[in-house]
Amino acid sequence: MQTRLSSLVRGVSKHAARLLIVLGLGGFLGATLVRLAPGYGVDEEELDSRLNQESIQALRQSHAREDSLPGFYVRYLIQLMKGDLGDSQTLHQPVRQLLAERFPETLKSVGIGLALAWTAGLTLAMAAVMARARAVDLAACLLASVLLCIPAAVMALLFVIAQAPGRLVLGLIVFPKIFHYSRNLLLRSASLPHVLTARAKGLGGFRVFLWHVLPVAAPQLLALAGVSASLAFAAAIPVEVLCDLPGIGQLAWQAALGRDLVLLVNLTMIVTLITLLANSAADLAANPRRAGEA
Amino acid sequence: MKWVRLAAILFLVVVSVACLSADFVAPAPYARQFREVPDAAPSSQHLLGTDDLGRDRFSRLLYGTRVSLLLAPAAALLSSLLAAVIGGAAGFAGGWLETSVMAATDLFLSLPWLFLLITVRAFLPLNVSPIASVAITFALLGCLGWAAAARVICADARTLCGSDVIVLARACGIGGFRLLWRHVVPNLKPILYAQFWISIPVFILTEANLGILGLGVAEPLPSWGGMLRELESFSSFSAQPWLFVPLILLMVTVSCFHLALQNEEVWA
């Protein structure tokens, strides 16, 4: 019991350390990109026609001194630790405020989408494996394959035309990946020797599935949960833009069109943090002992 | 299922030939405007009608298919090469290089793909020429899509380095670059081919998403993503069904890549 607990603690601390390193690196990369992007530090003061060329040069040099890359990064980190994510250049609002307004909307969409995708994907995968009927498997595979070939943005447009709720689109985008992965995993587990023996001994189909197939596939299915969160967040951009849902996906698109780099980098960092947390949680839940050893 | 795969490959060949010969097959250049017939329904002159600027949709579909269907494999080639170099070197060298590369792939795979893509796209100028926009879009796809493939290749290279063939080659005094070039890389070819094929439909779909969001190939150059933007002004499914032709072509093409890929995976 104690060994289990200590390996779990070790696993959590290793994941936390990795998270911090990745965030530090990501933050540095983001700050570097913002600092080096064309147009950074251009001051409206420079447009003052009364200033001569020398004054403009002096202004630029003072900005360059203020904003050397290490200095910029240190200031960025200090602000980040205070919870100040900077101001959006296009929307002229603090990034923190924008995130507070928009994040709940995206979380709601992603939550509904993931719930739908997992319910449909896992149910169909289980049906395909348990029924062992070619027609069921073929129909489910066909549906998933068709959905896999439609771009997320087109699916969102079709929902707008059909006046259907846009949040469901996220579910349909993630569903085929969950279905294909779960089906393959469950099929592989169902063909293991101990499952065949259990069947040969006359155990019922549902019991075999619940006690012998699902436990084998469960760790990898849990690992898929983390990946599915990343897929859903990525799909949130076209869905929120086209279905007019005011979430962070729509915000990211507005920031990209306006080249609002401060907002974009912070958004990407935060979404990365969430997906990393989801992946780590899934990893720990799937196999706490191995996570400690990793 | 061999006939299904053959049919898929045949379809891809036909579409590729048609789009490559767009200069001869297309009834008009993709940017030519027939100002007297904007938003026209399909007719013998304009097989898929015209768009709101009076441009022939069939011609634009042919040229757009050329852009999407030729440049997605180019981007896939770039990402596969990057994955081969990065993943292969990490798997072959092992140690800190492998650990660093795996950490970098972890970071890349945790970043939601579209967020990363539009962030990097936004760092580059948005008002560029159409040709530059094509190059930027597909170069970005190629440069940012290497992580998953590198992970697979690294794992494969690591397994290969412990295999009897490589141990024997090392025992015979072969080492360094020669070992990598003559023995490791040829054995990684099947997995590289598979990664290349996997990437193509992913890049086609991503370009379509970027195009619809206005961050892909710039007008007047057509691409599947750009053409699908027309669906934004669509009001009902029965009003202009011919607007769905680019979507159907995209779906069938992506399906054909998946079908062709299934056997490629079996072979690998």
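**Figure 1. Where H4(A) and H9(A) meet in the predicted model**. From H4(A), the residues to look for are A:Thr106, A:Ser109, A:Val110, A:Gly113, A:Leu114, A:Ala117 and A:Met130. Across from them, H9(A) offers A:Gly205, A:Phe209, A:Ser228, A:Ala229, A:Ala232, A:Phe233, A:Ala236 and A:Glu240. Sorted by type, the residues of this contact come out as 9 nonpolar, 5 polar and 1 charged. The helices themselves cover residues 95-131 for H4 and residues 205-242 for H9. Their axes come within 9 Å and cross at roughly 145 degrees, and the crossing is right-handed.

**Figure 2. Chain A, helix after helix**. Stepping back to the whole chain, you can count 12 helices and 0 strands. Of the 294 residues in chain A, 34% are buried. Take the contacts with a separation of 6 or more: 75% of them join residues 24 or more positions apart.

**Figure 3. The side of chain A that touches chain B**. Here 36 residues from chain A face 32 residues from chain B. On the chain A side, the elements giving two or more residues are helix H1 (2-36), helix H6 (152-161), H9, helix H10 (248-257) and helix H11 (261-286). H11(A) gives the most, with 10 residues. This side of chain A divides into 28 nonpolar residues, 7 polar and 1 charged. As for the predictor's own scores, the complex gets an ipTM of 0.83 and a pTM of 0.82.

**Figure 4. Two loop residues of chain A with positive phi**. One of them is A:Gln163, in the loop between H6 and helix H7 (167-190) of chain A. Phi of A:Gln163 is near 55 degrees, even though the residue isn't a glycine. A:Gln163 counts as exposed because just 7 other C-beta atoms lie within 10 Å, and the cut-off for exposed is 12 or fewer. The other is A:Asp244, found in the loop between H9 and H10 of chain A. A:Asp244 is not a glycine either, and has a positive phi of about 55 degrees. With 10 C-beta neighbours inside 10 Å, A:Asp244 is exposed too. Most residues other than glycine have a negative phi, so this kind of value is worth pointing out.

**Figure 5. A cis peptide bond in chain B**. The bond in question runs from B:Glu219 to B:Pro220, with omega near 5 degrees. B:Pro220 sits in the loop between helix H9 (176-212) and helix H10 (224-228) of chain B. For context, most peptide bonds are trans.

**Figure 6. Helix H7 of chain B and its buried residues**. H7(B) has 15 residues, running over residues 147-161. At 1.5 Å a residue the helix should span 21 Å, and its end C-alpha atoms are indeed 21 Å apart, so the two agree. Buried in H7(B) are B:Ala147, B:Ala149, B:Ala150, B:Arg151, B:Ile153, B:Cys154, B:Asp156 and B:Ala157. Helix H3 (57-93), helix H4 (95-110) and H9 of chain B are among the things covering those buried residues.

**Figure 7. A low-confidence stretch of chain B**. Over residues 264-268 of chain B, pLDDT stays under 50. The model has 9 contacts beyond four places in sequence for this stretch. Chain B as a whole has a mean pLDDT of 84, and 94% of its residues reach 70 or more.

Terms used: Residues numbered from 1 in each chain as written. Chains lettered and ligands numbered in written order. Predicted model: local features only at pLDDT ≥ 70, side-chain atom pairs only at ≥ 80, totals over all residues. Axes fitted to C-alpha atoms, helices over the stretch in contact; angles between N-to-C directions. Helix = DSSP H or I, 4+ residues; strand = E, 2+ residues; numbered from the N terminus. Left-handed = near helix turned anticlockwise from the far one by under 90°. Contact = placed C-beta atoms within 7 Å. Nonpolar A, V, L, I, M, F, W, Y, C, P; charged D, E, K, R; others polar. Buried ≥ 20, exposed ≤ 12 C-beta atoms within 10 Å, placed from the backbone. pLDDT = per-residue confidence, 0-100. Expected span 1.5 Å × (residues − 1).
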